[in-house]
Amino acid sequence: MDKKNKMEFKKEFVEKLKEAESLLFFTGAGISAESGVPTFRGKDGIWNKLKPEELANFNAFIKNPDMVWEWYQYRRKIVENVEPNPGHYAIAEFENYYKVDVVTQNVDNLHKRAGSTSIEELHGSIVRNFCIDCKTYYYDLDEEFENKVPKCKKCNGLIRPDVVWFGESLRGDAYPNSEQKAKSCDICFVVGTSAIVYPAAYIPITAKEYGAYIVEINLEPTELTPHINYSIFGKSGEILPEILRIVKDRNHN
Ligand code: BJW
Ligand code: ZN
């Protein structure tokens with residue numbers, strides 16, 4: 001991009017970037033949209049056609065495990081066949097300049113594949129599965145399980161994806177760890193999320209309560225927009241590399 005096409009950012013934000021030592025990126029499905037992973041809500045969201053209550057909860061799985069399994073296999077295939085985009089890569093590269101934490105609601109593993117090293121996956125990961133009875137973890141399950149839910153080799157229990165469904169608590173320490181990171185960051189970027197799912201959406205609210213400067217990057221306003229210090233509307237895969245460029249220019253000139 002030549003000089004005259006450089007994006008312009010609010011002065012106050014550029015100053016905050018200069019002073020900051022730690023950045024938190026709170027991300028949602030929108031950051032992976034430019035990789036070709038569908039979002040949940042909005043005009044191109046997968047929940048325009050499919051209802052979350054029929055798929056993303058434990059009762060739906062027990063009622064129709066093969067159908068729910070098949071849906072996750074379909075989505076697993078999508079994420080295996082796409083690549084991280086410039087937004088994911090920019091976040092990873094910020095680690096050359098700041099302490100960086102990623103708190104993601106995504107289950108697609110793309111932050112890790114892009115090279116980020118500190119990642120909390122609030123809603124689990126589609127690359128892992130576990131037995132609902134004995135909790136044994138399973139990773140690469142054979143193609144034979146495309147349309148039929150696999151059974152546990154140890155106890156014959158049903159195997160499910162290790163994602164967090166509605167009504168389920170977030171696993172392990174993912175939430176308290178994320179909350180800790182929210183409390184200590186200087187700038188919290190809220191990227192590509194409708195911010196309507198809780199408790200995840202408390203993360204940027206907590207960051208603000210603890211004094212962070214909050215920057216939202218989204219195609220459109222969200223529930224959180226009234227609480228944001230600086231909203232940047234556009235594609236995260238274009239905006240994040242431009243923000244990184246400011247930091248790089250400053251460090252290299
Ligand atoms: C771009 C872009 C580009 C596009 N660039 N931007 C009433 C009030 C409050 C809470 C509740 C309530 N009733 C129930 C609850 C609790 C419930 C909840 O929050 N519900 C609300 C929806 C009302 N929460 C839960 O159940 C959670 N657990 C819980 O509360 O436990 C306690 C408990 C225990 C026991 C009993 C009861 C409670 C668990 C939530 C789990 C969410 N799981 C999912 C599915 C994961 C598995 C899977 O992948 O299938 O997580 S739901 C789905 O939504 C997924 C996402 O992580 C999550 C958030 O979605 P996200 O990422 O924001 O995506 P979208 O599509 O909504 O938005 C995309 C955005 O990107 C848009 O804004 C676009 O504009 C933007 N965009 N392209 C930049 N290129
Ligand atoms: Zn088992």
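**Note on the predicted model: a buried serine, two cores, two sets of strands and the salt bridges**

1. Start with Ser-32 and His-88, whose side chains are joined by a polar contact of 3.2 Å. The model is predicted. Ser-32 lies in helix α2, which covers residues 30-33. Ser-32 is buried, at a relative accessible area of 1%. Leaving out residues up to four places away in sequence, Ser-32 touches Val-37, Asn-85, His-88, Asn-106, Asp-108 and Leu-110. His-88 thus appears both in the polar contact and in the list of neighbours.

2. Next, the strand β1. Six of its six residues are buried, so β1 is largely enclosed by the rest of the structure. The side chains alternate in direction. Ser-22, Leu-24 and Phe-26 point one way, and Leu-23, Phe-25 and Thr-27 point the other way. Both sets are buried.

3. β1 has parallel partners. With β2 it pairs over six bridges in the parallel sense. Here Leu-24 of β1 has Asp-101 as its bridge partner in β2. With β7 the pairing is again parallel, over five bridges. Phe-25 is matched there with Phe-189 of β7.

4. Which residues of the largest nonpolar core touch the most other members? They are Phe-189 and Ile-243, in a core of 27 residues. Eight elements are listed as giving two or more residues to this core: α1 (11-19), β1 (22-27), α6 (86-93), β2 (99-104), β7 (187-191), β8 (213-218), β9 (230-233) and α10 (236-252). The helix α10 gives the most, with six residues.

5. Phe-189 deserves a look of its own. Beyond four places in sequence, its contacts are Phe-13, Leu-17, Leu-23, Leu-24, Phe-25, Phe-26, Val-215, Ile-217 and Ile-243. Phe-25, its bridge partner across β1 and β7, is therefore also on the contact list, where contact means heavy atoms within 4.5 Å. A second core is separate from the first and has 26 residues. Tyr-72, Val-107, Ile-132 and Cys-152 are among its members.

6. Now the antiparallel sheet. Three strands form an open sheet in the order β5-β4-β6, with antiparallel pairing. β5 (137-138) and β6 (159-163) are the edge strands. Each has a single partner strand, so one side of each is left without a neighbour in the sheet. Helix α5, residues 65-80, packs on this sheet and touches β4 and β6. The directions of α5 and β4 make an angle of about 140°.

7. The β4-β6 pairing can be followed residue by residue. Five bridges join β4, residues 124-131, to β6, and the two strands run antiparallel. Gly-124 has Val-163 as its bridge partner in β6. A salt bridge also connects these strands: the side chains of Arg-128 and Asp-162 meet at 2.8 Å, N to O. Arg-128 is in β4 and Asp-162 in β6, 34 residues apart, so the pair links distant parts of the chain. Asp-162 is buried, with a relative accessible area of 3%.

8. How many salt bridges does the model have? The count comes to 14. Side chains of opposite charge can pair when their charged atoms come close. One of these bridges brings together Lys-148 and Asp-66, at 3.3 Å from N to O. Lys-148 sits in the loop between β5 and β6, and Asp-66 in helix α5. The two are 82 residues apart and link distant parts of the chain. Is Lys-148 buried or exposed? At 52% relative accessibility, it counts as exposed. Asp-66 is partly exposed, at 24%.

9. A local pair is found in helix α1. Glu-15 and Lys-18 form a salt bridge, with their closest N and O atoms 3.4 Å apart. The two residues are three apart in α1, which means that about one helical turn separates them. Glu-15 is partly exposed, with 38% relative accessibility. Lys-18 is partly exposed as well, at 47%.

10. Last, a network. Salt bridges link Lys-6, Glu-242, Arg-245 and Asp-249. For inspection, the sites to open are Ser-32 with His-88, Phe-189 and Ile-243 in the largest nonpolar core, and the Arg-128 to Asp-162 salt bridge.

Definitions and conventions
Residues numbered from 1 in each chain as written. Chains lettered and ligands numbered in written order. Predicted model: local features only at pLDDT ≥ 70, side-chain atom pairs only at ≥ 80, totals over all residues. Heavy atoms only, no water. Helix = DSSP H or I, 4+ residues; strand = E, 2+ residues; numbered from the N terminus. Buried < 20%, exposed > 50% of the residue type's maximum accessible area, 1.4 Å probe, protein only. Polar contact = N/O pair within 3.5 Å; in protein donor to acceptor, adjacent residues only side chain to side chain. Core = buried A, V, L, I, M, F, W, Y, C linked by side-chain atoms within 4.5 Å. Pairing = 2+ DSSP bridges. Axes fitted to C-alpha atoms, helices over the stretch in contact; angles between N-to-C directions. Salt bridge = Lys/Arg side-chain N within 4 Å of Asp/Glu carboxyl O.
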